[in-house]
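Me: I would like a close look at a single part of this protein, followed outwards into its surroundings. Please give the cut-offs behind each term as you go.

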Amino acid sequence: MKESNFSQEQKLHYDLRHYPVRPHIGVGGVIVWNKQVLIIKRKYMPNAGLWAIPGGHLKLGEQAGLGALRECVEETGLDLSLGELASVIDKIDHDLEGKVEYHYVLCDYWMKINGSYTKDDPPKPQAKSDVLDALFVPFNELNKYNLTKTVIQLFKDLQILPMNYISPFLNE
């Protein structure tokens, strides 16, 4: 198979995330410890300022699970191991004119925290990379955070949130 003759600049021109010409693949990790889930506050669009799970873009030639692991370690500083596939969710956002503004296929994996931790010595995530904040939140306190729509769907699917959960932030 022949390598593309496009320059890196040409590839980036056609690889737009905002108003894309094709879907992008996002990978993320669900990290649960002591009935708490790790969420991060996003620094960049889409969903800048909202809370989500750690994750990012899959790199060319990278396996999805390993990409999720890489992104989670980069964003939280935790020592993690890859678990099973947790969910696949489509994220398709349209602008006011109905054009596709963002289109992602999100592949989320369970992550295991390596090491021994106790209630008195819990794992301590650190906001790194493109993250404003990273913290563990008890399941029953997630309604205090402005979660992305896809994370709400993910947490409902995984029974971390009740199916009838309605975000208190939807009208913002």
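Reply: Asp108 is buried (under 20% relative accessible area, with exposed meaning over 50% and partly exposed in between, for a 1.4 Å probe and protein chains only), yet Asp108 has no salt bridge, and the nearest side chain of opposite charge, that of Arg42, is 9.8 Å away. In this count Lys and Arg are positive and Asp and Glu negative, while His and the chain ends are not counted; a salt bridge is a side-chain nitrogen of Lys or Arg within 4 Å of a carboxyl oxygen of Asp or Glu.

This is a predicted model, in which local features need pLDDT of at least 70 and side-chain atom pairs count only at pLDDT 80 or more, whereas totals for chains, interfaces and linings use all residues. Residues are numbered from 1 along each chain as its sequence is written, and side-chain values use heavy atoms, with hydrogens and water left out.

Asp108 belongs to strand 6, residues 100-113; helices (H or I, at least four residues) and strands (E, at least two) are DSSP runs numbered from the N terminus. Not counting residues up to four places away in sequence, Asp108 touches Val27, Gly28, Ile53, Leu85, Ala86, Ser87 and Leu154, where contact means heavy atoms within 4.5 Å. One of these, Leu154, is itself in contact with Val30, Ile53, Ser87, Ile89 and Asp108, again leaving aside its neighbours within four places in sequence.

Leu154 also leads into the largest nonpolar core, which has 19 residues and in which Val30, Ile39, Leu142, Leu147, Leu154, Phe155 and Leu161 touch the most other members. Strand 2, strand 3, strand 5 (80-94) and helix 3 (149-157) each supply at least two residues of this core, and helix 3 gives the most, with four residues. A second, separate core of 17 residues includes Leu38, Ile40, Ala68 and Val131; a nonpolar core is a set of buried Ala, Val, Leu, Ile, Met, Phe, Trp, Tyr and Cys residues joined through side-chain atoms within 4.5 Å.

Strand 2, residues 36-42, is mostly covered, since five of its seven residues are buried. Strand 2 runs antiparallel to strand 1 (residues 24-33), to which two bridges join it, and two strands are said to pair if DSSP finds at least two bridges between them. Trp33 has Gln36 of strand 2 as its bridge partner, and in the hairpin of strand 1 and strand 2, with two residues between the strands, Asn34 takes a positive phi near 55°. Strand 2 also pairs in the antiparallel sense with strand 7 (residues 131-138) over seven bridges, and with strand 3 (residues 51-52) over two bridges. Ile40 takes part in both of these pairings, having Ala134 as its bridge partner in strand 7 and standing opposite Ala52 in strand 3.

Ala68, named above as a member of the second core, is also one of the buried residues of helix 2, alongside Gly65, Gly67, Leu69, Arg70, Glu71, Cys72, Glu75 and Thr76. Helix 2 (residues 64-76) has 13 residues and reaches 18 Å from its first C-alpha to its last, close to the 18 Å expected, the expected span being 1.5 Å times one less than the number of residues. The buried residues of helix 2 pack against strand 1, strand 2, strand 4 (55-57), strand 5, strand 6 and strand 7, and just after the helix Gly77 takes a positive phi of about 75°.

The charged pairs give a contrast with Asp108, which has no salt bridge. Side chains of opposite charge can pair when their charged atoms come close. A search of the whole structure finds seven salt bridges, among them that of Glu71 with Arg70 (3.0 Å, N to O), in which both residues are buried. Glu71 and Arg70 are linked with Glu62 and Glu74 in a network of salt bridges. Glu97 forms a salt bridge with Lys99, the closest N and O atoms being 3.4 Å apart; Glu97 counts as exposed because its relative accessibility is 64%, while Lys99, at 47%, counts as partly exposed.

For the wider setting, the secondary structure of the protein comes to three helices and seven strands, and buried residues make up 40% of its 172 residues.
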